[in-house]
Amino acid sequence: MTCFLVAGSIRKRALMAFTAILTVVLGGGVALSAAAGGVRGTVHFEGAAPKLPNLNMNSDPICAKKHPGTVQAQVLVLGEGNTLGNIFVQVKNAPPGQHAPPAEPVVIDQVGCFYKPRVVGVLAGQPVLFKNSDGTLHNVRGQPEANPAFNLAMPGMIREQTATFNKPEPIFPIKCDVHPWMQAYVAVMSHPYFSVTAADGKFSIEGLPAGSYTLEAWHERLGTQTQTVTVPASGNATVDFAFQMPER
Ligand SMILES: [Cu+2]
């Protein structure tokens with residue numbers, strides 16, 4: 001009887017394992033055929049790069065001490081060959097679908113009296129964790145429109161604060177009233193088809209079914225551009241963007 005139970009149990013477990021494998025194989029297959037491609041590209045700055053102003057952080061000696069040399073404004077982040085960082089790239093006509101927000105927060109640290117990273121995208125309902133690695137007073141003030149405005153005080157001893165934005169909305173600024181040069185940007189998205197460029201200018205948006213999409217690239221000062229791209233049934237489409245100084 002015991003043997004029968006054990007044998008039955010083993011058979012049952014084997015069956016469950018087989019079902020699990022089948023689910024993974026079939027599930028993976030479905031996922032692969034439904035979301036075969038993506039969009040990749042590089043963003044450049046065209047023309048003579050403007051000289052960025054030096055920041056004076058003497059109003060807070062803790063900040064100033066973290067930058068022994070000169071420290072420049074971070075409005076324009078350029079890489080080798082004038083690739084452009086902090087570009088928020090998103091699909092404007094995202095394929096339909098519900099996207100549960102990840103429990104894992106998007107982290108914005110306050111380091112050297114700058115926000116790192118400066119530009120982030122977050123899914124609606126996904127937490128944003130603000131860290132204070134500086135040991136000095138910051139406050140994190142945001143005035144989104146669809147979501148409630150907020151102002152998180154972060155004295156030196158408060159290392160972490162969390163904010164969650166439940167409604168999608170276009171990118172909005174976050175500021176620190178203590179250090180006026182501190183600025184970050186948060187986009188609250190309804191879908192995960194977005195990417196932010198690092199200094200190398202590269203972006204990558206994965207998991208898109210084949211089709212035609214409008215891509216929007218945003219920069220805090222250089223404006224917004226759109227391009228249409230066709231994602232093939234398998235593989236990636238490539239789209240590059242080039243930003244210039246706006247005409248005054
Ligand atoms: Cu601050």
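Among contacts in the chain between residues at least 6 apart in sequence, what share joins residues at least 24 apart? In this predicted model, the share of such contacts that link residues at least 24 apart comes to 64%. The chain has 248 residues, of which 26% count as buried, and its secondary structure consists of two helices and 17 strands. The mean pLDDT of the chain is 88, with 86% of the residues reaching 70 or more. Over residues 1-33, however, the pLDDT is below 50, and this stretch has zero contacts in the model beyond near neighbours in sequence. Where pLDDT is low, the predicted coordinates should not be read in detail.

Two open sheets are described here, beginning with one of five strands, in which the order is 5-11-10-7-8 and the pairing is mixed. Its edges are formed by strand 5 (119-123) and strand 8 (150-154), each of which pairs on one side only, and the twist from one strand to the next averages 20 degrees. Within this sheet, strand 10 (residues 169-175) and strand 11 (residues 183-189) run antiparallel and are joined by five bridges, with Ile174 having Ala184 in strand 11 as its bridge partner. Strand 7 (residues 138-142) is joined to strand 8 by five bridges, the two running antiparallel, and Asn139 stands opposite Ala153 of strand 8. Strand 7 also runs antiparallel to strand 10, to which two bridges join it, and here Arg141 stands opposite Lys175. The two faces of strand 7 can be told apart, since His138, Val140 and Gly142 make up a covered face, while Asn139 and Arg141 make up an uncovered one.

The other open sheet has four strands in the order 12-2-14-15, with antiparallel pairing. Strand 12 (194-196) and strand 15 (223-231) are the edge strands, each pairing on one side only, and neighbouring strands of this sheet are turned by 20 degrees against each other on average, direction ignored. Strand 2 (residues 88-91) and strand 14 (residues 211-219) run antiparallel and are joined by four bridges, and in strand 14 the bridge partner of Val89 is Ala217.

Val89 also belongs to the largest nonpolar core, which holds 44 residues and in which Ile87, Val89, Val186 and Ile205 touch the most other members. Strand 11 gives the most to this core, contributing five residues. With neighbours within four places in sequence left aside, Ile87 is in contact with Val43, Val196, Thr197, Phe203, Ala217, Trp218 and His219; Ala217 is thus both a contact of Ile87 and the bridge partner of Val89.

Contacts between residues distant in sequence can be followed at Gly79 and His44. Gly79 is found in the loop between helix 2 (61-65) and strand 2, and it is partly exposed because 18 other C-beta atoms lie within 10 Å, a count between the limits of 12 or fewer for exposed residues and 20 or more for buried ones. Although Gly79 and Gly201 are 122 residues apart in sequence, their C-alpha atoms are 7.2 Å apart in space, and Gly201 is listed with Gly85, Ala199 and Asp200 as the contacts of Gly79 outside four places in sequence. His44, which lies in strand 1 (residues 37-45), counts as partly exposed with 18 C-beta neighbours inside 10 Å. Its C-alpha atom is 8.0 Å from that of Asp240, a residue 196 places away in sequence. Not counting residues up to four places away, His44 touches Asn82, Thr83, Leu84, Gly201 and Ala242, and Gly201 is therefore a contact of His44 as well as of Gly79, given the 7 Å limit between C-beta atoms.

Several backbone features remain to be noted. Most residues other than glycine have a negative phi, and most peptide bonds are trans. Asn82, in the loop between helix 2 and strand 2, has a positive phi near 60 degrees and is partly exposed, with 17 other C-beta atoms within 10 Å. Cys113, found in the loop between strand 3 (106-111) and strand 4, likewise has a positive phi, of about 60 degrees, but Cys113 is buried, with 23 other C-beta atoms within 10 Å. A cis peptide bond, with omega at about -5 degrees, joins Lys116 and Pro117, and Pro117 is found in the loop between strand 4 (114-116) and strand 5.

Terms used:
Residues numbered from 1 in each chain as written. Predicted model: local features only at pLDDT ≥ 70, side-chain atom pairs only at ≥ 80, totals over all residues. Pairing = 2+ DSSP bridges. Axes fitted to C-alpha atoms, helices over the stretch in contact; angles between N-to-C directions. Contact = placed C-beta atoms within 7 Å. pLDDT = per-residue confidence, 0-100. Core = buried A, V, L, I, M, F, W, Y, C linked by C-beta atoms within 7 Å.
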